Amino acid sequence: MERTFLAIKPDGIQRGLVGEIIRRFENKGFTLVGLKLMNVSRELAQQHYDVHRERPFFAGLVDFITSAPVVAMVWEGDGVVASARKIIGATNPLTAEPGTLRGDFGINIGRNLIHGSDAIETAQREISLWFTTEELVSWQPELTPWLHE
Ligand code: DAT
Ligand code: MG
């Protein structure tokens, strides 16, 4: 079953949006299989954003993600990687569509509330970076027959 890695960034937690953000993915019908509130080490932050290491915003990004707690999550479901990216919206909240999380709750690219894996391979890499296998819980929601034909 397809899985993605999502992380509510420090701004999402400070603004009290944890419940709202989780609700969007629950409402959609995806299954939560991993969840933890944590302070992010600089090592983890740098590894997570390794593809952006040469970008001018890299240092600020690492400073921000390590500045306050983050909610790290793994969600499961058919097509969850691409669908979660749609629910999250475009990188810049100012241009993100209304109805998306970033479009509804943000105004600045450096405060865009939530991270979501951008591809299936990225998701696999990020899940193993942030979670041990013991921290992930496989379960079959009772609701499944009402969500899937
Ligand atoms: P996304 O989070 O939509 O996958 P990304 O992978 O291109 O976007 O960038 C990772 C994060 O880096 C993004 O969520 C916010 C920050 N970022 C990206 N581009 C930026 C920019 N031009 N200025 C400041 N921060 C930026
Ligand atoms: Mg990205």
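Which loop does L113 lie in? I started my notes there. L113 belongs to the loop between helix 6 (101-105) and strand 4. This is a predicted model, so I treat every value below as computed from it.

**Entry 1: L113**

I looked up the backbone of L113 and found a positive phi of about 75°, although this residue is not a glycine. Buried or exposed, I wondered about L113? L113 counts as buried because its relative accessibility is 1%, and the cut-off for buried is under 20%.

**Entry 2: ligand 1**

Next I went to the ligand. Which residues surround ligand 1? I listed K9, Y49, H52, F57, L61, R85, T91, R102, I109 and N112. Then I checked the polar side chains for short distances to ligand oxygen atoms:

- R85 has a polar side-chain atom 2.8 Å from an oxygen atom of ligand 1.
- R102 has a side-chain N or O atom 3.0 Å from an oxygen atom of ligand 1.
- N112 has a side-chain N or O atom 2.8 Å from an oxygen atom of ligand 1.

How much of ligand 1 does the protein bury? On its own ligand 1 exposes 520 Å², and the protein buries 74% of that. I also looked at the pocket list: the largest pocket is the space that ligand 1 takes.

**Entry 3: strand 3 and its partners**

I moved on to strand 3, which covers residues 70-76. How many of its seven residues are buried? I got seven of seven, so to speak a mostly covered strand, because buried here stands for under 20% relative accessible area. Then I sorted the side chains by direction. V70, A72, V74 and E76 point one way from strand 3, while V71, M73 and W75 point the other way. All of them are buried. That fits the textbook picture, in which side chains of a regular strand alternate between the two faces of the sheet.

Which strands pair with strand 3? I noted two cases. Strand 1 and strand 3 pair in the antiparallel sense over six bridges. Strand 2 (residues 31-38) and strand 3 are also antiparallel, over seven bridges. For strand 2 I picked out one bridge, in which G34 has V74 of strand 3 as its partner.

**Entry 4: strand 1**

Strand 1 runs over residues 3-8 and is mostly covered, with five of its six residues buried. I then followed L6 in both directions. What is the bridge partner of L6 in strand 3? I found M73. In strand 4 (residues 114-116), which runs antiparallel to strand 1 and is joined to it by three bridges, the partner of L6 is G116.

**Entry 5: E76 and R3**

R3 stands opposite E76 in strand 3, so I looked at the side chains as well. A polar contact of 2.8 Å joins the side chains of E76 and R3. E76 counts as buried because its relative accessibility is 12%.

**Entry 6: Q14**

Last I checked Q14, in helix 1 (residues 10-14). Q14 counts as exposed because its relative accessibility is 58%, and the cut-off for exposed is over 50%. I also took the C-alpha to C-alpha distance from Q14 to N92: 19 Å in space, with the two positions 78 residues apart in sequence numbering.

Terms used:
Residues are numbered from 1 along each chain as its sequence is written. Chains are lettered from A and ligands numbered from 1 in the order in which they are written. This is a predicted model: local features need pLDDT of at least 70, side-chain atom pairs count only at pLDDT 80 or more; totals for chains, interfaces and linings use all residues. Side-chain values use heavy atoms; hydrogens and water are left out. Buried means under 20% relative accessible area, exposed over 50%, partly exposed in between (1.4 Å probe, protein chains only). Helices (H or I, at least four residues) and strands (E, at least two) are DSSP runs, numbered from the N terminus. Two strands pair if DSSP finds at least two bridges between them. A residue is near a molecule or strand if one of its heavy atoms lies within 4 Å of it. A polar contact is a pair of N or O atoms within 3.5 Å; within protein, one must be able to donate a hydrogen and the other to accept it, and residues adjacent in sequence count only if both atoms are side-chain atoms. Accessible areas come from the Shrake-Rupley method with a 1.4 Å probe; for residues, only the protein chains shown count as cover. On a 1 Å grid over the protein atoms alone, a cavity is a set of points where a 1.4 Å probe fits but cannot get out, and a pocket is an open set with protein on both sides within 12 Å along at least five of seven lines; lining residues have an atom within 4 Å of a point. A molecule sits in a cavity or pocket if more than half of its atoms lie within 2 Å of its grid points.
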